Structure formats: structure tokens, C-alpha cells
Amino acid sequence: MVQERLAEETTTAAGRDSGGADLVLDSVTKRFADFVAVDDLNLTIPAGSFFALLGPSGCGKTTTLRMVAGLEQPTSGTLSIGGRDITRTGAHERPVNTVFQNYALFPHMSVLDNVAFGLKRRKIRGAEARAKSALELVELGHLAARRPGQLSGGQQQRVALARAIVNRPAVLLLDEPLGALDMKLRRQMQVELKNIQLEVGLTFVHVTHDQEEAMTMADTVAVMNAGRVEQMGAPRELYELPRTAFVANFLGKSNLVPGEVIEDRGDAVVVNARGNRLTVLKERAAAHHGRVLVGIRPEKLKMMWPQDAAGDPDNMLHGRVADTSFTGVSTDYLVDVPGVGRLGVFSQNHGQQLARPGDEVVLCWDTAHAFGLDGREDSSAGAAEAAEAAAP
Amino acid sequence: MSLLARNRGNGPAADASGKAARPGGKDPRSAGEIGAERRRSRMGYWLILPGFAFMLLFFVLPVFSLLATSLYAKPPGADVGQFVPALQFGNYADVLGAYWQELLRSFAFALVATVAALLIGYPMAYLVAVRLRGRKLLQGILLVLIIAPFFTSFILRTQAWKQILADEGPVVAVLRAVALLPEDGRLTATAFAVVCGLTYNFLPFMTLPIYANLERLDTRLIEAGTDLYASPFQTFRTVTLPLSMPGVMAGTLLTFIPASGDYINAALLGNNQDTTMIGQVIDSRFFRVVDYPGASALSFVLMLAILALVILYVRRFGTKELL
Ligand SMILES: Nc1ncnc2c1ncn2[C@@H]1O[C@H](COP(=O)(O)OP(=O)(O)O)[C@@H](O)[C@H]1O
Ligand SMILES: [Mg+2]
């Protein structure tokens, strides 16, 4: 009930304060001495959306958030909220609140005073009552009198969230808010955070290096690398049609096969990869001639015995199983394709006979699932970063 | 006092007793190991013994001796400096009646000097600890400058203030020029000069504890304050200052307590009428008038008064962290 009331108040407040308050970053660059942390960033974050900034550690996510919060001045470029330029506005005058990476709760104040802090600074009436209902929203009403130091990590995280949400900012910034939590609590908080965002209807900008987190929570994901946005879009769109090798490898896994365009079929191109003919739809290819990388996700590959593989020899690779790992629900294979390299295959457990290392197999796929990338790209870009991000 | 208590908590004694408290019974360790452990825990007590003996010898015993002396009586017809043990509580009434003004003045001077030192010392500590964080070289230079006065003698430094505040000196010239001081106004031998000396001499005792505290201040909390609509001043008032209160408490106590008992500043920079501090009175009672009971009674009163003031102060402003 309390939650409904807060949500209601918040919706009207958001409607009044931040109606159509898109956050816009226009060619924002941040240099630290010679080092470019954020490089000519252009972003438009629609009001009311759950936006995730995803990228490996050190790619400039925190710096971007700090510039939006006003804690860091951009070297060049402008920021605006709802059309109002806030580039030169002081941090304490921006309608923006942050859930900090380490929570940054005030250790000398009670949980309630922490949450009421922002309201009191703005002299808003009924600060305590509102702070209480914000604490109810994160299910911590009973701990209002405690000090932050007496709470668990997960509870502190909720207090930090309540402390920011209670102000109903036009934009709420979350800097790896779940980073310090263990895996189980993390998955649980992802769901809760998403529910809270829907409930209060604020614009969330969520920074994370965890691709699963970004994909499950956000409406829109921007993949950042070395201070730039590589690609932006809905999670599904990014996953199914990555436009750069970095995105293909950082967001899920990809097999990237180098080749050369040898034929134009109108709506598709045919790529020669060491004697194998692979077809890529033009609308799914970043390059239409010369050297390209043909990308295909491991779960889109179908693995067959050679005797079962018949018909169209296009989109077909012959190889030998190098390694298998059975996880129960599925099996991960590594298949060596002569001249092409080692490809990963994810095979759902349908009760079929499993291949063993050394078995000859044929890999094929639906043309609609392949994508094409510029052949000059490093086919392993982003793979190491993804492995690092996945490490606990 | 409470500072000492905290140190004691971390000392070897607490550690040792913690280990000793482990129950015996079915201990899987060998007898030799347990013996070694016992010896080590007894070591803890031996380690605090020198400190304990020192305090007993040079603090507890003298205090009792002082208390006894303060109650001595002068037998009729005795020579100068001749007293007999007694329980003459009237000594206290006598000295309080005669010197209450000096006592109050000492606290007033010490209070003003403490406030002045806080107003000067806090910004210095903040500059070095927070603003210059990460710039080690600059921090080091400034810290050395803060401590540098200690490298010259107390007396010499105080004498130097005589020159600074002299009638022909720069301060008087400037104050006269801006009409803050009348044409014939002076600063030497005034209460102002004494407070200047006290402030200057005890400034490092204020600055260093505050620095030590602010050095550990998590500046991300300041950013959180700014992010939550607090102006720089509000952030200071609601976040930085409350968090640095333990340092402020330590600094003010370390300044106020020695300043209220000080007599060198008043002797060198003051006059004989309206700047006399209680330290001077005690000094002259002891060594010039040779009134041991009177001097002892005054010392005792000073000690108790400081104790009472400190307890009141810590109760009012003290933080959990300090107590
Ligand atoms: N104040 C600073 N001074 C110098 N370099 C900085 C500063 N802040 C961040 N950087 C550098 O900028 C890069 C991006 O940092 P950050 O935005 O924190 O990355 P992320 O949050 O994506 O891990 C890093 O290489 C970091 O070392
Ligand atoms: Mg970061």
C-alpha cells in the first residue's frame, strides 16, 4: 500500500518535474592529462527508460556517470536534461541522483537520516515520512534507526537505492550497484531493481560490466569500449546482430570466420572461407565486399554426422570434435575446422547421441542467423574482456 | 582520558587477556604449546609493567603527595618554608578567595586561544588532508611547516612574538593605519598578546589530530553529499564536520588543557595587572613566596577544574567514536 502511494506520488512528480526529460550527451569528451577516458560520446537516453551502459572495467563508464552527476567536468561537449543545458550546473543543483559503486552511505547518520538527507537539503516538507515510505519500498522499514555499519552489504545497497529514489530525480544513476553482492543476491536484486524502476517510473542509467545483468534489466544497452560506444540498442537486437567484433565477443560468444566476398546475390553475399561457401544477408552484414568476418553464435550451429548432411553445400563446414563438456542441460563442443579454426558449438540436450573427441562432424546453420563484420577487425576483440568481466 | 582508554583497549594487555580467556578442558594442543601460549600471554602483562610503574611513580604518587601538601599547616612562629602535616582544608578557601580571578582568566584565555587555534588549524588540516590528497610532496612540505615551530625553543618562539607585537612592529603599524588601534594604542603587555602567544604555541596540537582524522575521511562521502543537493557549505556542516569531530575533540583538548595551565606566555607577553594566569600564581607561590600548601591547593583546584570542564565538554560534544 505504501509502495503504491509512493509510486503514485512519484509518477505525478516525474510527470511534473521531468516530463519528457531525455538525458542527452552531445560529443562529450573527458581527458585526464593525456589519457582519453571518454571519447566524443553521443547518447540520448529517453525519459522513463532503463538504460544500461555495459563495458569492461576501465572503459569510461564511471567517468561518464560522474559527468552526468556533475562530479566531473567534461573536457568538451555538452550535457542536457529535458532540453536544459546542465554542463555548467553544480552537482547539488542537478535533478540527478547516484547510487554509488561503494554505496557511500553516511556512517554517522541513521538509515532514516541517510534516506531523508536529500529531501531535507531541499527543505521538502514531510521529509521523514517520505523517507520512511522509500525504506518500505526497499523492504527495510524496520531498520530505519540502525546505522549503515550495522547492515549487510545487500541491505546497504537497498538503503543507497532508497536514498537516491526518494528524491525522484529526473535521472537515477547506478554505478555497478550490485557489484559487491554475491551471485544469488545479485540475481534477486536484478529482478527487484527492475520492478522498482517500473513502479516509480524514473529514468535509470545503470552501469555494469556484467552482460547478463545489462541484458536482463535494460530496455536499451549501450556497449562501451575504450571510451566510445560500440553499439547501442535493445538487448535482443545487440545479441542477434552485433555490428563489431567487440560486441560479438563481449556480449555472449561468437564464432568469427574470416573470408572474402566472391559473389553478390542481390539480397545476400557469398563469402569464400578457405574453400567453404558461406552466405550472409546484406542487411546483416557490415561490409559487402572484400574481406569480411562471418559471425555465427554457438547455439545457432547445428552439428550433424557426415552421413546425415545432404543437399546445399553452402553454409556447411566439415570438422573434427576436439573437446566436449557435458553440463547436463547441454553440451559445449569445440570443433576444429581445417583452414578455418576452432569453433564453439552449444548443443541442447534433446536426448541425441553425443559426439566424442575425434569424431568427424558437419556444422551448418540457417543463413538468417549469420552476420557479417568488417574483415579488418580483430576477430578476438572483446573476448579477453568478456572473460575478465565474467570472473568473480 | 578517553583517548588513553582507547589505546589501552588495543594494547598488549587486552590481547593477552583475550588469549588467556580461552577455556582449557579438551584442548587438542600439546602441553608444550599451551605452556608457550601462557608464557606469551604473561609476557603481555610484563610489557605494560614499565608504563604502569612510570605512571605510578611519576603521576599517582605525586598527586597524592600534592594532595597531602595542600593540607599542610604552618605552625606559629615557623620559618619561611616550614610546614607540618595537617588537614587544613581552609587552605583551599584561602587560595580560591585570593586567586579566583586568575583562575577564571586562565580558562577564558585558554578558551579564546582554543577557538582561535581551531579556526586557524581546521582549514590548514583540511587543505593538507583533503584538498591536497594524493599530492604527497606538497603534503609533506606543509606538514613539516606545521611542525617546524617545534624545532626552536618554546621561550624563543614566545620572545619572538614580543618583537612582532612591539610598538614599532609591523602589526601595530598596520592596525594603527586602519584605525583598529588608537594612535597611542599598544599590543605589548596586553591580554591580546598573551592569547596570540597561546594560540600560536599550541596550534600544532590542534592541527595535527584534525589532520590525522581528515586524512582518513572518505571523500566519496563528500561527493554523495553534493549529489544529494547539499551545497559545499551544507556538505561541510552535515558530513565533513561531524565525521571529523573525534579529531576536533582531541585537538581542542590537547590545546585547551595545556593552555589553561601555561604561564610562560602570560609571563613573557603579559603585564602584572590584568593578564596574570593561574600558572604564574602557582609558580610564584611555589618558588618565590615558598607557600607550598597554597601552591599545591591551587594546582589541585586547577586539575579538578580542568577535569570537570573536560567531562562536561566530552559529554556535550563527544562522539561515540571517542568515548
Ligand atoms: N581522476 C582520474 N585521473 C586519471 N585517470 C582517471 C581518473 N578517473 C578515471 N581515470 C581513468 O579513466 C579510465 C576510465 O575509468 P572509469 O570511468 O572509472 O572506468 P570504468 O568505470 O568503466 O571501469 C580508467 O583507465 C581510469 O584509470
Ligand atoms: Mg567504474
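User: What joins the side chains of A:E263 and A:R277?

Analyst: In this predicted model, where local features need pLDDT of at least 70, side-chain atom pairs count only at pLDDT 80 or more, and totals for chains, interfaces and linings use all residues, side-chain values use heavy atoms, with hydrogens and water left out. Residues are numbered from 1 along each chain as its sequence is written, while chains are lettered from A and ligands numbered from 1 in the order in which they are written. A salt bridge is a side-chain nitrogen of Lys or Arg within 4 Å of a carboxyl oxygen of Asp or Glu; A:E263 and A:R277 meet at 3.2 Å, N to O, so the pair is called a salt bridge. A:E263 lies in strand β11 (residues 255-264) of chain A and A:R277 in strand β13 (residues 276-281) of chain A, so the bridge ties together parts that are 14 residues apart in sequence. Helices (H or I, at least four residues) and strands (E, at least two) are DSSP runs, numbered from the N terminus.

User: Why is A:E263 called partly exposed?

Analyst: Buried means under 20% relative accessible area, exposed over 50%, and partly exposed in between, with a 1.4 Å probe and protein chains only. A:E263 has a relative accessibility of 31%, and therefore counts as partly exposed; A:R277, with a relative accessible area of 31%, is partly exposed too.

User: What makes A:K194 and A:D219 a salt bridge, and why does A:K194 count as buried?

Analyst: The side chains of A:K194 and A:D219 meet at 3.2 Å, N to O, which satisfies the salt-bridge cut-off. This pair links distant parts of the chain, with A:K194 in helix α6 (residues 183-200) of chain A and A:D219 in the loop between α7 (211-217) and β9 (220-225) of chain A, 25 residues apart. A:K194 counts as buried because its relative accessibility is 16%, whereas A:D219, at 35%, is partly exposed.

User: How do you know that B:E223 forms a salt bridge with A:R66?

Analyst: Their closest N and O atoms are 2.8 Å apart, which meets the same definition. The pair crosses between chains, from helix α9 of chain B, which holds B:E223, to helix α2 (residues 61-69) of chain A, which holds A:R66. Over all chains, a search of the whole structure finds 28 salt bridges.

User: How do you know that the span of helix α10 of chain B agrees with its 12 residues?

Analyst: The expected span of a helix is 1.5 Å times one less than its number of residues. For the 12 residues of helix α10 (residues 232-243) of chain B this gives 16 Å, and the end C-alpha atoms are 15 Å apart, which agrees.

User: What puts the buried residues of α10(B) on the same side?

Analyst: The buried residues are B:Q234, B:T235, B:T238, B:V239, B:T240 and B:L243. They cover an arc of only 160° around the axis, which puts them on the same side of α10(B), the arc being that of the directions from the helix axis to the C-beta atoms. These residues pack against α3 (111-121) of chain A together with α4 (90-131), α8 (191-215), α9 (219-227) and α11 (245-261) of chain B.

User: Why is B:F58 called exposed?

Analyst: B:F58, which lies in helix α3 (residues 31-69) of chain B, has a relative accessibility of 55% and so counts as exposed. In chain B overall, 41% of the 323 residues count as buried, and the chain has 14 helices and 0 strands.

Methods: Contact = heavy atoms within 4.5 Å.
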